[in-house]
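Here is a short report on one protein model. It moves from overall figures to a few local features.

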Amino acid sequence: MRHFPLWFLALFFLLISCGTEGPSGSAAVEAPSSGEEQAVRESPQKESPAEKSEETVVLKPEEKAEESGELETAEIINALYENAGDSEKTLEALERSGTDDMSPRARLVYAVLLRNEGQYDASREQIQLILDEEPDMAEAWFNLALLEHAVMNETARDKALNAAIDADGTYDEAYSFRGILAASKSNWTAAEADYRKALSLNPESVDSLAGLGRIMMNTKEWDKALPLLNKALDIEPDDTYVLVDRSRVLTAREEYVKALKDLGRAIELEPDVPWHYLDRARIRFRFINDLNGALADLKEVERLDPGNFFAQVYLAGIYDQKRQFATSLDYYHRVIEARPDYIWAFMPLGKLEYMNGNYEAAASWFAKASSRDSDEFSFRLMRGVSLLRAGKANEAGRVFSEVLKSYKSGDTHYEVIRFCAERSSDYYALNALNKEADTVLRERLWFYIGAVYDSMNNTLGAQAVYGRLAEKKGQMEYDLAWAALNGMGG
């Protein structure tokens, strides 16, 4: 085997030192994500489950002491690659120096570099040469498994991975990788067994700690997941995937400040990954009502990934809460165009189209919302009111009459809905409202009185009702009253 003379290494490092970004470490490996958005997006910020690429270190250090010549060569190649940060340039240097008489360990590094460059057939040939010479070399079988995984040959991958474990029952990386593969297929029992075996062999295996932590997350065992992820980050503090996972555990534990800190660090490490901003926006929007902070994060998501569906959902919701209803309507239109079956957009679209004076469209959206949640009285009432405002009094009357069947005479609901249907005397409706003990229900039902006044051109009565409700927040009817007085609000 030819060794690189020191002058060659020095010259090579000098030539490639400009414009590189330093060493390229082993990529993290991720199990399928959890949570509402993660189930849809499949964690695009992370590598696909069980994927390993750019593997630099493939030799088990504790087994190399006896092979000083081979060790020296392999270490030189590894050092060359780590300093270069570029497997293509390292390959060029190796091939100029000659690869025919490589030792098995040095050839394995060469095979990995070929795999990094997508030269899978050439990499496989080199690994086969190694196995022809050393059929029980576990590292060779393991790297063959990684290669077959990269080309999506599952049968060959699993055969090679099992051969690695048969060759060396203490090979913790192989157990960890097998656990990752099992987790990617939701085979949690097998995954947990392999992760625990890997940790029994190497308690500081970050992949196994993180993988086992994700299994605990998947079963919502947050108190078991947290120490595993904490330990993984003690070992590798800047593992962004583990930071994101821990932020989700902390969010589930309602430790929002800590969760935001983890996501802030992930963003520092990977400022161009949109999903980190989305995760932080979700916490700010859902849990601590930091609308401006969430809005800033979502604008970053839009910049980095303009078609991100959940960013549009959250932007629609934030502008809705800020009572910038025209902007909210624009985002909800984008949401429903991307996902016509997105049921959580039905009610907001009904509300916003009503505000916008598109009463027939509003009636249609409220009908869809009601079909998904027939127990919510407001969807059915708003459908009737929308039809009434659209000039379809007979159809509105049929809707009100149908809703009326759900209540008993004398109930507050009943008297308000009867007034909506008959549009004559409001005496019984107002009397029932004045006696209603549930203050939120009372105020919500007042809106329908005002909306019917509006349809009857009782402007003063409608304005009085809207003024009563407009400054309240937290219910659809309050927003509708506000918009009736102030317009769509930008």
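The report below covers the fold, one helix pair, one glutamate and two loop residues.

This is a predicted model, in which local features need pLDDT of at least 70, side-chain atom pairs count only at pLDDT 80 or more, and totals for chains, interfaces and linings use all residues. Residues are numbered from 1 along each chain as its sequence is written, and side-chain values use heavy atoms, with hydrogens and water left out.

**Overall**

The protein has 27 helices and zero strands. Both are DSSP runs, numbered from the N terminus: helices are H or I with at least four residues, strands are E with at least two. Of its 490 residues, 52% count as buried. Buried means under 20% relative accessible area, exposed over 50%, and partly exposed in between (1.4 Å probe, protein chains only). Take the contacts (heavy atoms within 4.5 Å) between residues at least 6 apart in sequence: 55% join residues at least 24 apart.

**Helices H13 and H15**

H13 (residues 240–252) packs with H15 (residues 274–286) at an angle of about 15°, and their axes are 12 Å apart. Axes are lines fitted to C-alpha atoms, for helices over the stretch in contact; angles run from 0 to 180 degrees between N-to-C directions. The two helices are therefore roughly parallel to each other (angles under 35 degrees). H13 contributes Thr240, Val244, Arg248 and Thr251 to the contact, and H15 contributes His276, Asp279, Arg282 and Ile283. These residues divide into two nonpolar, three polar and three charged. Here Ala, Val, Leu, Ile, Met, Phe, Trp, Tyr, Cys and Pro count as nonpolar, Asp, Glu, Lys and Arg as charged, and the others, Gly among them, as polar.

**Glu302**

Glu302 sits in helix H16 (residues 291–304). Its relative accessibility is 18%, so Glu302 counts as buried. Leaving aside neighbours within four places in sequence, Glu302 is in contact with Leu315, Tyr331 and Arg334. Leu315 is 13 residues from Glu302 in sequence and 9.7 Å away, C-alpha to C-alpha. The side chains of Glu302 and Tyr331 make a polar contact (2.9 Å). That term means a pair of N or O atoms within 3.5 Å; within protein, one must be able to donate a hydrogen and the other to accept it, and residues adjacent in sequence count only if both atoms are side-chain atoms.

**Two loop residues with positive phi**

Neither Met152 nor Arg323 is a glycine.

| Residue | Phi | Loop | Relative accessibility |
|---|---|---|---|
| Met152 | about 60° | between H7 (138–150) and H8 (154–167) | 73%, exposed |
| Arg323 | about 60° | between H17 (309–321) and H18 (325–338) | 6%, buried |

How values were computed: Parallel < 35°, antiparallel > 145°, perpendicular 65-115°, else oblique.
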